[in-house]
Amino acid sequence: MGHSHSKEGGHDHGQRKYEEYAYVLDYTPRGKSTTVRGREGVIVQAIGEERLTLLELLGVQNSTFEVGERLYIGREGRNKVMSVLGRMDYHDITQSAKNELAVIVEKVVVANEKRFVDYVNISQPITPRIHALELIPGIGKTYMMTIIKEREKKPFESFSDLQARVGVREPAKLMAKRIIEEIMGQARMNLFVRK
């Protein structure tokens, strides 16, 4: 997990930033951990809300989970999750979790609309030739130019504001698509998934 002292959000006072919430992709009441040898029990595969990484969790015995459910996995006062076992790679999650990923990632993006709209408002060129916005599927150069012109007049306030002023259809879906490319390891660089 590395010892990165990321100061993002400024409220973690030099501790490493841990995920607070994760969304359930799949779970097995009696499973074997793939990340911790010999660990068995309620195994939950999930995606972290903040870093958008795939996680394996150990659920509390006899708890019930629903696919798409948002679970508290922070340090204090967890009630359905005993521990975060570790990070998972895309190819290690179940087929069922893979099938759910698109819908659930979009759910995370919509639930964190402000954060993703802010990203559109502040994103910058990555190299002299490529702007971060161009890396989002369906945006391309033309939309990118319009976004930059429009956000200078007035920052975007929501996905619907972005759609209305720029013409980009379903921005949440496009961002979710990019996040999934990053999770699958198909992207040369990550805009959203933080290792």
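Asparagine 121 is buried, with a relative accessible area of 15%, where buried stands for under 20% relative accessible area, exposed for over 50%, and partly exposed for values in between (1.4 Å probe, protein chains only). The residue lies in helix H2; helices here are DSSP runs of H or I with at least four residues, strands are runs of E with at least two, and both are numbered from the N terminus. A polar atom of the asparagine 121 side chain lies 2.8 Å from the backbone nitrogen of phenylalanine 156. This pair can be read with the rule for a polar contact in mind: a pair of N or O atoms within 3.5 Å, where within protein one atom must be able to donate a hydrogen and the other to accept it, and residues adjacent in sequence count only if both atoms are side-chain atoms. Not counting residues up to four places away in sequence, asparagine 121 touches Arg151, Pro155 and Phe156, a contact being heavy atoms within 4.5 Å.

The model is a predicted one, in which local features need pLDDT of at least 70 and side-chain atom pairs count only at pLDDT 80 or more, while totals for chains, interfaces and linings use all residues. Residues are numbered from 1 along each chain as its sequence is written, and side-chain values use heavy atoms, with hydrogens and water left out.

Helix H2 covers residues 113–122, and asparagine 121 shares its list of buried residues with Phe116, Val117, Tyr119 and Val120. The spacing of such lists can be compared with a simple rule: an α-helix has 3.6 residues a turn, so residues three or four places apart point the same way. The buried residues of H2 pack against four other helices, namely H1 (95–111), H3 (140–153), H4 (159–166) and H5 (171–183).

Helix H5 also holds methionine 175, which counts as buried at 1% relative accessibility. Leaving aside neighbours within four places in sequence, methionine 175 is in contact with Val109, Phe116, Val120, Ile136 and Phe192. Two of these partners, Phe116 and Val120, are among the buried residues of H2. Another partner, isoleucine 136, is 39 residues away along the chain, yet its C-alpha atom and that of methionine 175 are separated by 6.3 Å.

Now to the whole chain. The protein chain has five helices and five strands, and reading along the sequence gives the pattern β-β-β-β-β-α-α-α-α-α. The radius of gyration of the chain is 18 Å, which agrees with the value near 16 Å that a compact globule of 195 residues would have; this radius is taken over C-alpha atoms, and the globule rule is 2.2 Å times the number of residues to the power 0.38. Along its principal axes, the C-alpha trace spans about 55 × 35 × 25 Å. Buried residues make up 44% of the 195 residues. Of the contacts with a separation of 6 or more, 55% join residues 24 or more positions apart.

The strand part of the chain offers some loops worth a visit. Serine 33 is found in the loop between strand S1 (21–32) and strand S2 (40–48), and at 13% relative accessibility it counts as buried. The serine 33 side chain reaches the backbone nitrogen of valine 36 at 2.8 Å. Apart from neighbours within four places in sequence, serine 33 is in contact with Arg39, Ile43, Glu56 and Leu85.

Backbone angles add another detail. Most residues other than glycine have a negative phi, and most peptide bonds are trans. Leucine 52, in the loop between S2 and strand S3 (54–59), has a positive phi near 60°. Leucine 52 is also buried, with a relative accessible area of 0%. Asparagine 62 is not a glycine either, and its phi is positive at about 70°. This asparagine lies in the loop between S3 and strand S4 (70–72) and counts as exposed at 72% relative accessibility.

The loop between S3 and S4 is also the place of threonine 64, which counts as exposed at 63% relative accessibility. Once neighbours within four places in sequence are left aside, threonine 64 is in contact with Glu69 and Lys80. Threonine 64 and lysine 80 are 16 residues apart in sequence and 8.3 Å apart in space, C-alpha to C-alpha.
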